[in-house]
Amino acid sequence: KMSQCAAKLKVSPLEAYRAFHGTDASLRSGYTHLFGGLKPGVDRAAAVELRRLCRTGIHTTQTSGVAPGFVQANFVMLPKEYAFDFLLFALRNPKACPILAVTNPGDPCPHNVAPGADVTKDIPKYRVWRDGELSEECTDVSHLWTDCMVGFLLGCSFSWEGKLSLLGLSPRHIDQACTVPMYRSNIRNNPVGPFAGDLVVSMRPYTPDGAIKAAHITGCYPGAHGGPIHWGDPKKLGIEDLDEAEWGNTVDVHEGEVPCFWACGVTPQTAIQEARLPLAVTHAPGHMFVCDVTDDELFVATDPDHSFGR
């Protein structure tokens, strides 16, 4: 039945993505050439308040559907001796790692997207990695921040989920009040220095018509992973069982629906595992940093077909 539904769709964008992924054309940031800074006159209080709730330990759960209308971001923190390699890694893997902000060494504030914020305190839950192994999860990593640390904020698909919901395409994990399912794929990241790992994908099921609409909408957000890289048979991504999500929660796929896959910001965690850095910190999957940037400020008008897989 899944193959019959997939047959109603255009050809999966997977091969287009594989071709793009393997060329120097993939060297780009998430949105820095498009975003001119925070516009005056926009009420950003909801984002500021959410970060306050995280900082004070009141909000410690996942952030999908929270502070709607504001851009959410994945987080990576590591010593500056590895920062250039990771920056280049993100530029060479832009679907999974669209760069939104890079802090100055020793300064935990991402001034361009959230003035006054602190990336070591304003995320609901962090993961601490030592020698490539998950060491602990906690709600504050300020004790690990030093003058030698650099923070990266990378675009997240949660930024366009509100748009999908407004148009009647609410992601299944929001309807089921859980975290989006995420899977390790068989696509290797473009390596840089010690960073490599596997592309991680998130999955949302849609009818064939819904999948096309969702692809058109999400393709207008290159700073939040853009459009899907694949729909249809999960085995083409090396995923044997959708009920075995490696991160997040499994969700129902109804009759007449096909699974649709987007590049995911958990991807850097597979790179950090392989790099085996003495210390690195990431967000816990589903627990994002909320920026002052609005979703509308991240929107880029584009030819939707051109964005498929890219």
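**Exercise 1. Locate Asp 241, and decide whether it is buried or exposed, or something in between.**

Solution. Asp 241 sits in the loop that joins strand S8 (230-231) to strand S9 (258-263), where strands are DSSP runs of E with at least two residues, numbered from the N terminus. The model is a predicted one, in which local features need pLDDT of at least 70, side-chain atom pairs count only at pLDDT 80 or more, and totals for chains, interfaces and linings use all residues. Residues are numbered from 1 along each chain as its sequence is written, and side-chain values use heavy atoms, leaving out hydrogens and water. The relative accessible area of Asp 241 is 36%, so this residue is partly exposed, a class that lies between buried (under 20%) and exposed (over 50%), with a 1.4 Å probe and protein chains only.

**Exercise 2. Classify Cys 148 and find its loop.**

Solution. Cys 148 belongs to the loop between strand S4 (133-138) and strand S5 (149-155). Because its relative accessibility is 42%, Cys 148 counts as partly exposed. The C-alpha atoms of Cys 148 and Asp 107 are 9.3 Å apart, although 41 residues separate the two along the chain.

**Exercise 3. Describe the surroundings of strand S10.**

Solution. Begin with the faces of S10 (residues 280-283): Ala 280 and Thr 282 on one side are buried, as are Val 281 and His 283 on the other. Next, take the partners, given that pairing requires at least two DSSP bridges between two strands. Strand S1 (residues 70-79) pairs with S10 in the antiparallel sense over two bridges, and Met 77 stands opposite Val 281. Strand S3 (residues 126-130) is also antiparallel to S10, with four bridges, and Tyr 126 has His 283 as its bridge partner.
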